[in-house]
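Reader: I am new to this structure and would like a close look at a single part of it. Please pick one helix with its surroundings, and give the cut-off for each term as you go.

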Amino acid sequence: MTTNTPLSRLAYAPTVASSPIKPILRKPTASVLGTRSRADDSDGADEEEHPMKRQKKTVVFNENLNMVREISGKSFEDAKREVRQALEGKARGDEQDYDNLKDLFAPSNRNSSPDEDEEDPRHQELLGYVVALTGYVPMLGRSCTGLVRSVLRCSWLDRDENFAKAYIQLLAALSSVQASFFAEILRMMVEKFLETKSSSAVPGFPPVDLETRKKRLHAGIKYLLDLFPAGSKMIIKLVTSKFPYTDEPKAVHMSYIDHLLRLKTSRPDLERDIMELILAQLVKLDVEMTLDLENDEDDTTRAVMRSIQTDAKDDQEDDESDDESVMSDDDDLPEETKRVIKIKNKLETLDAIMDLVFSIYDPIFEKPDSDEAVACFENLLSDFKNVILPHLKSRHTQYLLFKFAMKSDQLMEMFLGLLLSVAFSSTEAPVIKQAAAAYLASFTARGARVQSHTVQLIVSCLLDYIDYYRETHRHCRGPDVRRYSLYYASFQGLLYIFCFRWRDLLDQGALPDNVDWDDPASFLGQDLPWMPDLKKRMHANIASKLNPLKCCSPVIVEEFAQLAHHLGLMYIYPQIEKNKSIHLSQFYTGSYAQGGALRDTGFEFDNEKWTHLEACFPFDPFQLPIARRWLDLENNYVTWSPISVLRKQGGEATDEDEEEEDSDEEGSEEESEMGEEELEDREELFEEDTATDDERAD
């Protein structure tokens, strides 16, 4: 059976020298196989058109019929006869010739002697048998699955181009016979995505480099998908299921993604599915790295970051990490060292993939307001909502949106509009809305190109929401972070935005003359003109039964309290002191109150730590040393100015300040136990990005 679609797109040479082929059949006998003349061969019509049967040994492809018409004269006839008799014998229950045919296609035994390799027909030219089997594919039923699997194990990428072309024709013919064959063929091709090195050379053929193998592989995939468009859905499922695990080496990940991008190029209809898959796997790796670093000791984390910074400076781009070879060669390394190496390798993989993805999208946004860029950003927003947003622990993947949203006001408005619509939607899940609120606050705080009027607009939207929520819950029992999580997430977002963008919340036209916009110290001690009703509305929520200062992260609350006091916005230390005597567990709606006493697991939030909102903001400092080159952080990113700098520039602390600090140090027993952890969190949230790269490396 042959196909009618041209193979010209494969761009393989049409002729090849061939060598004699060793027969695979037993010596014919009249009682078993009989003798056959060409007149008995139903396929002999082709030979009548070519009387010069034993002339030059060439392969001639008829592009119109997409088939081989003549190969090696009688040798090709022998291959056709032997294949047919093997399949007929299989149908009669005589499988010896059929087994010989399977062995012919199966990979050779590398342990055989050189003499055996030279004589073994599997190391000779298989082209005649490939073409012959293509013609008899209709005879292959379910009982011939073993032969099909043997064919699929053939080293077809490591031979010459003509063999690859004929082999692809055979695959196309097999695909047309049974859907199960087509699925196995696609699976075989996708599994080759995981190969990072060229396999051993086939005897009789020169070595084939990896790039040539990739071109042949994807030429075959394109040809099959052009013939059978339904295979597009099948191959997407396959590439998803075969994607490398997160602990696989960087070389495996990069090779696999390279194959995906080649597939995207040859099949533009798969572009959206492929890019979403890459981003989904990137998020998975990103989240896993965040959890690994959070669960490790600080010394381990610092060791990993120092190692990565050092490698980045040395510009080490080896496919196989030196650390990987150390682990494989020496199993006696300390467990801590092994863990540092493992985490470092994963971070390098994450960094390399992020760098590659940035390079894919960056050319599209050279003209950020073009139709192409807007359409691409819409796709990114869709992927963000479906893939990135549900995973708040992701720390790097979302910077794709950050980078390109900074390109133009239109793209920025699209991103902010999506975040606002999701955060205050009535149909989204609470966890998704809370994540959107965190993204909204983090982007507004960190985006250097977010203009003052946009900052005030976002703050007004958040104030409107918390005011509405406060009014509709005025009769609540008290603070409950689980029941009112979106309210606390919105209020915490307000505090976070204020800490970074407080100057943008001022009426700039009414500023005192002696205030220098670029000198934070000049704002201290001034009667500052804040945006309308900011102070009044913040006070109303702080004093409400919802008591947001108690539920928001103590790190964020403390920084806001210090900054708001120095800038004369409000003085909230009395409320903070009052909150120290409040135990949130008394307001927490436990399982008994919800009718779940019979299925209670015995876990209650006795520790006050679990009743605070987590201080998680998605656009915290970007830590990947290679991929960060795309972000232009100096112009696009707002870094934190610590409160200590404001105090130094504003003069010595007053007695009142010292009393406040003393009262903060006292606290309740529960708050004191959290002191060290809160200090570490504050360093991560507000001070981490002030250090230079050299300081981090040291």
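Author: What follows looks at helix α22 and its surroundings, then sets another helix pair beside it for reference.

The model is predicted, so local features rest on pLDDT of at least 70 and side-chain atom pairs on pLDDT 80 or more, while totals for chains, interfaces and linings use all residues. Residues are numbered from 1 along each chain as its sequence is written, and side-chain values use heavy atoms, without hydrogens and water.

The chain holds 31 helices and 2 strands (DSSP runs numbered from the N terminus: H or I of at least four residues for helices, E of at least two for strands). Of its 698 residues, 52% are buried (buried is under 20% relative accessible area, exposed over 50%, partly exposed in between, with a 1.4 Å probe and protein chains only). Among contacts with a separation of 6 or more, 77% join residues 24 or more positions apart (contact means heavy atoms within 4.5 Å).

Now the chosen part. Helix α22 covers residues 534-542, and its axis comes within 10 Å of the axis of α20, residues 452-472, with a crossing angle of roughly 35°. Axes here are lines fitted to C-alpha atoms, for helices over the stretch in contact, and angles run from 0 to 180 degrees between N-to-C directions. The crossing is left-handed, meaning that the near helix is turned anticlockwise from the far one by less than a right angle; clockwise would be right-handed. On the α22 side the contact is made by Leu534, Arg537, Met538, Ala540 and Asn541, and on the α20 side by Val459, Ser460, Leu463, Asp464, Ile466, Asp467 and Arg470. By class these are 6 nonpolar, 2 polar and 4 charged residues (nonpolar: Ala, Val, Leu, Ile, Met, Phe, Trp, Tyr, Cys and Pro; charged: Asp, Glu, Lys and Arg; polar: the others, Gly among them).

The loops on either side of α22 come next. Asp533 sits in the loop between α21 (485-501) and α22. Its phi is positive, about 65°, although Asp533 is not a glycine. Asp533 is partly exposed because its relative accessibility is 48%. Asn547 belongs to the loop between α22 and α23 (548-551). Asn547 is likewise not a glycine and has a positive phi, near 45°. With 5% relative accessibility, Asn547 counts as buried.

Cysteines can be checked as well. Cys552 is buried, at 0% relative accessible area. The closest cysteine sulfur to that of Cys552 belongs to Cys551, and it is too far for a bond because the two are 7.1 Å apart. A disulfide needs a pair of cysteine sulfur atoms within 2.5 Å, and the whole structure has 0 of them.

For reference, here is the other helix pair. Helix α5 (residues 127-135) packs on α7 (residues 161-177) with axes 9 Å apart and an angle of about 20°. That makes the two roughly parallel (angles under 35 degrees; over 145 is roughly antiparallel, 65 to 115 roughly perpendicular, the rest oblique). Their crossing is also left-handed. Leu127, Val130, Val131, Leu133 and Thr134 of α5 touch residues of α7 including Phe163, Tyr167 and Leu170. This contact has 9 nonpolar, 3 polar and no charged residues.
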